[in-house]
Amino acid sequence: MADRKSFGSDNHAGAHEAVLRAVIEANTGDAMAYGADEWTRRATAKLRRAFRAEGDVFLVFNGSAANILGLSLLLRRHEAVICAESAHINTDECGAAERILGTKLLTVPVPDGKLTPDLIAEQLSARGDDHRAQPGVVAITQTTELRKIGDFCHANDLRLYIDGARLANAAAYLDCSLAELADCADALSFGGTKNGALGAEAVVVMREPLSADAPYLRKQQLQLASKMRYMAAQFLALTEDDLWRRNASHANEMARRLAAGVRDVPGVHICFPVQSDTVFAQVDRRYIEALQRDWFFYVWDEKASIVRWMTAFDTTEADVDQFVASIGSIAEGAGPSRPPG
């Protein structure tokens with residue numbers, strides 16, 4: 001992967017130079033530990049203003065930890081979380097919600113990964129049955145139809161959590177503010193790592209009463225950083241002149257460029273509209289094997305021959321064009337495309 005840009009994940013990208021400078025600048029003299037420092041005070045205040053949050057902001061090390069802390073603020077001990085079957089908390093966090101929180105995930109099969117009020121409603125039939133875990137929280141990743149989902153949740157005594165690991169990409173795509181995305185949520189995460197940070201995420205508590213337990217839960221969940229100024233410095237850099245938005249906009253633009261470049265290649269079919277830094281494509285199996293000799297990316301669905309290509313804040317037009325040219329060259333040399341299966 002060192003020779004060519006990875007299209008496997010925005011986690012593969014390095015850190016933005018402004019973030020690195022901010023960390024170095026924070027590395028001067030002594031500072032109070034565990035968040036009682038000036039960097040953390042400034043960073044959390046800036047994030048509260050950006051989200052128009054009534055509650056507080058809590059910095060943690062990674063996205064899984066952010067999800068666990070955010071959900072723990074919203075759940076009672078007998079309650080379950082309604083989420084898409086493909087949600088990160090269900091597929092890629094090693095059972096952390098079940099192990100650490102002791103909660104049950106009520107998963108919903110959705111082809112496009114998006115919950116709807118009707119799908120959520122189908123999970124409420126067991127309410128009042130003391131043999132069943134009671135639905136208490138809805139966890140979503142998408143930011144479309146937010147108002148409808150938020151209104152439904154609040155009308156049905158459900159708390160709403162947004163996994164915002166790529167919230168910056170959503171805000172850039174929708175051309176809206178972070179506050180507009182967060183308005184319907186009770187708590188959410190705001191990802192920094194996938195958008196140019198070294199390793200820092202924020203949990204934003206939108207409703208003030210929910211903040212009371214967060215300091216203690218963060219400590220219990222092993223996420224209270226002693227030298228928090230270095231995490232805070234990363235968010236200070238990302239929020240300076242909306243660097244987070246510029247990074248996300250660029251990554252989104254590179255994903256659109258990639259999709260447009262392969263749209264007419266025989267044997268390649270773009271599966272979903274490109275609404276972030278991600279391209280899902282169904283690709284002739286012969287192309288995948290040949291392409292992976294030189295490029296790194298993930299096969300998302302082996303059976304259906306669907307791949308996931310991801311861009312990042314540091315993906316260049318030249319990176320995309322070289323990747324597209326490789327796909328075109330492989331397709332041309334492979335002859336007539338074959339359907340998957």
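Two strands count as paired if DSSP finds at least two bridges between them. Helices (H or I, at least four residues) and strands (E, at least two) are DSSP runs, numbered from the N terminus. The model is predicted: local features need pLDDT of at least 70, side-chain atom pairs count only at pLDDT 80 or more, and totals for chains, interfaces and linings use all residues. Residues are numbered from 1 along each chain as its sequence is written, and side-chain values use heavy atoms, with hydrogens and water left out.

**Exercise 1. The sheet**

Give the strand order of the open sheet and state which strands stand at the edges.

Solution.
- Step 1. The open sheet has 7 strands in the order β1-β7-β6-β5-β4-β2-β3, and the pairing is mixed.
- Step 2. At the edges stand β1 (57–60) and β3, each with a single partner strand, so one side of each has no neighbour in the sheet.
- Step 3. From one strand to the next, the twist averages 25°. For such angles, axes are lines fitted to C-alpha atoms, for helices over the stretch in contact, and angles run from 0 to 180 degrees between N-to-C directions.
- Step 4. At the β1 edge, β1 and β7 (residues 201–205) pair in the antiparallel sense over 4 bridges. Here Val-60 stands opposite Glu-201 in β7.

**Exercise 2. Strand β2**

Find the partners of β2 and decide whether β2 is enclosed or open.

Solution.
- Step 1. With β4 (residues 134–140), β2 pairs in the parallel sense over 5 bridges. Ala-80 is opposite Pro-135 in β4.
- Step 2. With β3 (residues 104–108), β2 also pairs in the parallel sense over 5 bridges. Lys-104 is the bridge partner of Ala-80 in β3.
- Step 3. Buried means under 20% relative accessible area, exposed over 50%, and partly exposed in between (1.4 Å probe, protein chains only). In β2 (residues 79–84), 6 of the 6 residues are buried, so the strand is largely enclosed by the rest of the structure.

**Exercise 3. Aromatic pairs**

Classify the ring pairs of Phe-190 and say which elements they link.

Solution.
- Step 1. Rings of Phe, Tyr and Trp (its six-membered ring) pair if their centres lie within 6.5 Å; planes under 30 degrees apart count as stacked, over 60 as edge-to-face and the rest as tilted. A search of the whole structure finds 12 aromatic pairs.
- Step 2. Phe-51 and Phe-190 have ring centres 5.4 Å apart and planes at 70°, so this pair is edge-to-face. Phe-51 lies in helix α2 (residues 38–51) and Phe-190 in strand β6 (residues 187–191), so the pair ties together parts 139 residues apart in sequence. Phe-51 and Phe-190 are both buried.
- Step 3. Phe-190 and Trp-244 also form an edge-to-face pair, at 5.9 Å centre to centre and 85° between the planes. This pair links Phe-190 in β6 to Trp-244 in helix α12 (residues 243–262), 54 residues apart. Trp-244 is buried, as is Phe-190.
- Step 4. Elsewhere, ring pairs join Phe-7, Trp-295, Phe-297, Trp-309 and Phe-323 into a cluster.

**Exercise 4. Empty space**

Describe the linings of the largest cavity and of the second largest pocket.

Solution.
- Step 1. On a 1 Å grid over the protein atoms alone, a cavity is a set of points where a 1.4 Å probe fits but cannot get out, and a pocket is an open set with protein on both sides within 12 Å along at least five of seven lines; lining residues have an atom within 4 Å of a point. Grid points are joined across faces, edges and corners, and a volume is the space filled by probe spheres set on the points.
- Step 2. The search finds 1 cavity of 30 Å³ or more. The largest cavity holds about 40 Å³. Its lining includes His-88, Ile-140 and Asp-163.
- Step 3. Ala, Val, Leu, Ile, Met, Phe, Trp, Tyr, Cys and Pro count as nonpolar, Asp, Glu, Lys and Arg as charged, and the others, Gly among them, as polar. The cavity lining divides into 4 nonpolar, 2 polar and 1 charged.
- Step 4. The second largest pocket holds about 190 Å³. Among its lining residues are Arg-21, Glu-25, Arg-42, Lys-46 and Arg-246. Helix α1 gives the most to this lining, with 4 residues. By class, the pocket lining has 5 nonpolar, no polar and 7 charged residues.
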